[in-house]
Amino acid sequence: MIVCVCNNVSDKKIQHAVKAGMTTMSELREHLEVGTCCGKCAGCAKQILRESVAQNAAAPTGVQTLIRPLRFQPEALAA
């Protein structure tokens, strides 16, 4: 869906920006120019940004799923 009609910014563009590392409205304004003309889209863009950031934080990345946490095993040092 188109979020910012003035600059042709869709919800998918915002989601891709979040996956690329953007987490604030100021970053979206700077890179996508969302909310820089009439400003009517700012509320919707903020909501999509929040949802995308939360969703991105909850989803494991490919690298994180391959790495297992290290556990200290003191008996391994005694051997």
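When one helix packs across another, the crossing is called left-handed if the near helix is turned anticlockwise from the far one by less than a right angle, and right-handed if it is turned clockwise. With that term in hand, the reader can turn to the structure above, which is a predicted model, and come back to a crossing of this kind once the parts of the chain have been introduced.

The chain contains five helices and two strands, and, followed from the N terminus, its elements run in the order β-β-α-α-α-α-α. Of its 79 residues, 24% are buried. Among the contacts in the chain with a separation of 6 or more, 54% are accounted for by residues 24 or more positions apart.

The strands make a good starting point. Between β1 (2-4) and β2 (9-10) there is a loop, and Asn8 has its place in this loop. Asn8 has a positive phi of about 55°, although it is not a glycine, and with 46% relative accessibility Asn8 counts as partly exposed. Ser10, by contrast, lies in strand β2 and is buried, because its relative accessibility is 15% and the limit for a buried residue is under 20%. If its neighbours within four places in sequence are left aside, Ser10 is in contact with Met1, Ile2 and Val3.

Helix α1, which spans residues 11-19, has Asp11, Ile14, Ala17 and Val18 as its buried residues. These four cover an arc of only 120° around the axis, and therefore they lie on the same side of α1. The face turned away from that buried side carries His16 and Lys19, which are exposed. What, then, covers the buried residues of α1? The cover includes β1, β2, α2 and α3, so that both strands and helices are found in it. After α1 comes Gly21, a residue with a positive phi near 120°.

One of these covering elements, α3, brings us back to the opening definition. The helices α1 and α3 pack with their axes 9 Å apart and at an angle of about 45°, which makes α1 oblique to α3. In passing α3, helix α1 makes a right-handed crossing. On the α1 side the contact is made by Asp11, Ile14, Gln15, Val18 and Lys19, while α3 contributes Ala45, Ile48, Leu49, Ser52, Val53 and Asn56. Asp11, Ile14 and Val18 therefore appear both among the buried residues of α1 and in its contact with α3.

Further along the chain, the loop between α2 (25-32) and α3 (42-58) holds Glu33. Like a residue already met, Glu33 is not a glycine and yet has a positive phi, here of about 60°. Glu33 is partly exposed, with a relative accessible area of 43%.

The cysteines raise a last point. A disulfide is a covalent bond between the sulfur atoms of two cysteines. How many disulfides does a search of the whole structure find? The search finds zero, and the distances show why for the cysteines considered here, since a pair of sulfur atoms has to be within 2.5 Å to count. The cysteine sulfur closest to that of Cys38 is in Cys6, and at 3.8 Å it is too far away for a bond. For Cys44 the closest cysteine sulfur belongs to Cys41, and the distance of 7.9 Å is likewise too far. Cys44 itself is partly exposed, with a relative accessible area of 34%.

Methods. Residues numbered from 1 in each chain as written. Predicted model: local features only at pLDDT ≥ 70, side-chain atom pairs only at ≥ 80, totals over all residues. Heavy atoms only, no water. Buried < 20%, exposed > 50% of the residue type's maximum accessible area, 1.4 Å probe, protein only. Contact = heavy atoms within 4.5 Å. Arc of directions from axis to C-beta. Axes fitted to C-alpha atoms, helices over the stretch in contact; angles between N-to-C directions. Parallel < 35°, antiparallel > 145°, perpendicular 65-115°, else oblique.
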